[in-house]
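Here is a short briefing on one structure for a reader who has not seen it before. The points are grouped by topic.

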Amino acid sequence: MAAGEATECFSANAAVMRAEALARKPGHAGAVAFSRTGDPSSGDFTDATLIRKFGDDLSAL
């Protein structure tokens with residue numbers, strides 16, 4: 001199992017809806033919605049904060 005590419009969303013609600021939809025797609029074990037802040041130009045970001053998870057046990061990701 002491998003993690004997929006992260007997708008940027010403009011709100012926590014949009015991230016939750018996107019994660020739920022991805023978790024329902026065939027071939028996906030689940031998905032998570034998370035939030036973090038930072039500076040893309042420097043690559044400095046805070047640790048991610050889990051908003052919600054969907055699907056199988058994703059603790060190994």
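Arg 24 counts as exposed, at 65% relative accessibility; exposed means over 50% relative accessible area, buried under 20% and partly exposed in between, with a 1.4 Å probe and protein chains only. This is a predicted model, in which local features need pLDDT of at least 70, side-chain atom pairs count only at pLDDT 80 or more, and totals for chains, interfaces and linings use all residues. Residues are numbered from 1 along each chain as its sequence is written, and side-chain values use heavy atoms, leaving out hydrogens and water.

**Salt bridge**
- Arg 24 forms a salt bridge with Glu 20, their closest N and O atoms being 2.9 Å apart; the term means a side-chain nitrogen of Lys or Arg within 4 Å of a carboxyl oxygen of Asp or Glu.
- A search of the whole structure finds 1 salt bridge.
- Glu 20 and Arg 24 are 4 residues apart in helix 1, so about one helical turn separates them.
- Glu 20 counts as partly exposed, at 29% relative accessibility.

**Nonpolar core**
- The largest nonpolar core (buried Ala, Val, Leu, Ile, Met, Phe, Trp, Tyr and Cys residues joined through side-chain atoms within 4.5 Å) has 7 residues, including Ala 19 and Phe 54.
- Helix 1 (12-24) and strand 1 (30-35) are the elements that give two or more residues to this core; helices (H or I, at least four residues) and strands (E, at least two) are DSSP runs, numbered from the N terminus.
- Helix 1 gives the most to this core, with 4 residues.
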